[in-house]
Amino acid sequence: VSILAMVVIATVGIVGAIPTYFLWNWLMPEIFGLKVITFWQAWGIAFLSGMLFKSHSSSSKSSS
């Protein structure tokens, strides 16, 4: 794997964690009384939810 690919993957992961970080810290403490989280905890939540909830089906739907 090239250095450029690793940089792109890391950047996408970091950028994907930013909405999780801000939305969690804005909503969860106020609504549910949960603790504020760090950026790296938000990255972990985003990574885990991606693993759990993204569809990994490889079936292609053909239009006929």
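**Helix packing and the nonpolar surface patch**

Helices α1 and α2 pack with their axes 8 Å apart and at an angle of about 105°. The two helices are therefore classed as roughly perpendicular, α1 to α2, since angles of 65 to 115 degrees fall in that category. This arrangement is taken from a predicted model. The secondary structure of the chain amounts to two helices, with zero strands.

The contact between the helices involves residues from both elements. On the α1 side, the participants are Gly13, Ile14, Gly16, Ala17, Ile18, Thr20, Tyr21 and Trp24. These meet Phe39, Ala42, Trp43, Ile45 and Ala46 of α2. Ala46, located in helix α2, illustrates the contact at the level of a single residue. Leaving aside residues up to four places away in sequence, Ala46 touches Gly16, Ala17 and Thr20. The C-alpha atoms of Ala46 and Ile14 are 9.6 Å apart in space, although the two residues are 32 residues apart in sequence. For Ile18 and Ala46, the corresponding C-alpha to C-alpha distance is 9.2 Å, at a sequence separation of 28 residues. Ala46 has a relative accessible area of 24% and therefore counts as partly exposed, given that buried residues must lie under 20%.

Ile18, a residue of helix α1, likewise takes part in the contact with α2. Its relative accessible area is 34%, so Ile18 is partly exposed. Ile18 also belongs to a nonpolar patch on the surface, together with Ile14, Val15, Phe22, Trp40, Trp43, Phe47, Leu48, Met51, Leu52 and Phe53. The accessible area of these residues together is about 1,200 Å². Two elements, α1 (3-32) and α2 (39-53), each give two or more residues to the patch. The most is given by α2, with seven residues. Among the patch residues, Ile14, Ile18 and Trp43 also appear in the contact between the helices. Phe47, another patch member, is found in helix α2. Because its relative accessibility is 45%, Phe47 counts as partly exposed; the exposed class begins over 50%.

For the chain as a whole, the accessible surface comes to about 5,600 Å². Carbon and sulfur atoms account for 71% of this surface. Of the 64 residues in the chain, 6% are buried.

Notes:
Residues are numbered from 1 along each chain as its sequence is written. This is a predicted model: local features need pLDDT of at least 70, side-chain atom pairs count only at pLDDT 80 or more; totals for chains, interfaces and linings use all residues. Side-chain values use heavy atoms; hydrogens and water are left out. Patches are made of residues with over 30% relative accessible area and no salt bridge: like charges are joined within 9 Å, nonpolar side chains (Val, Leu, Ile, Met, Phe, Trp, Tyr) within 5 Å. Accessible areas come from the Shrake-Rupley method with a 1.4 Å probe; for residues, only the protein chains shown count as cover. A salt bridge is a side-chain nitrogen of Lys or Arg within 4 Å of a carboxyl oxygen of Asp or Glu. Helices (H or I, at least four residues) and strands (E, at least two) are DSSP runs, numbered from the N terminus. Buried means under 20% relative accessible area, exposed over 50%, partly exposed in between (1.4 Å probe, protein chains only). Axes are lines fitted to C-alpha atoms, for helices over the stretch in contact, and angles run from 0 to 180 degrees between N-to-C directions. Angles under 35 degrees count as roughly parallel, over 145 as roughly antiparallel, 65 to 115 as roughly perpendicular and the rest as oblique. Contact means heavy atoms within 4.5 Å.
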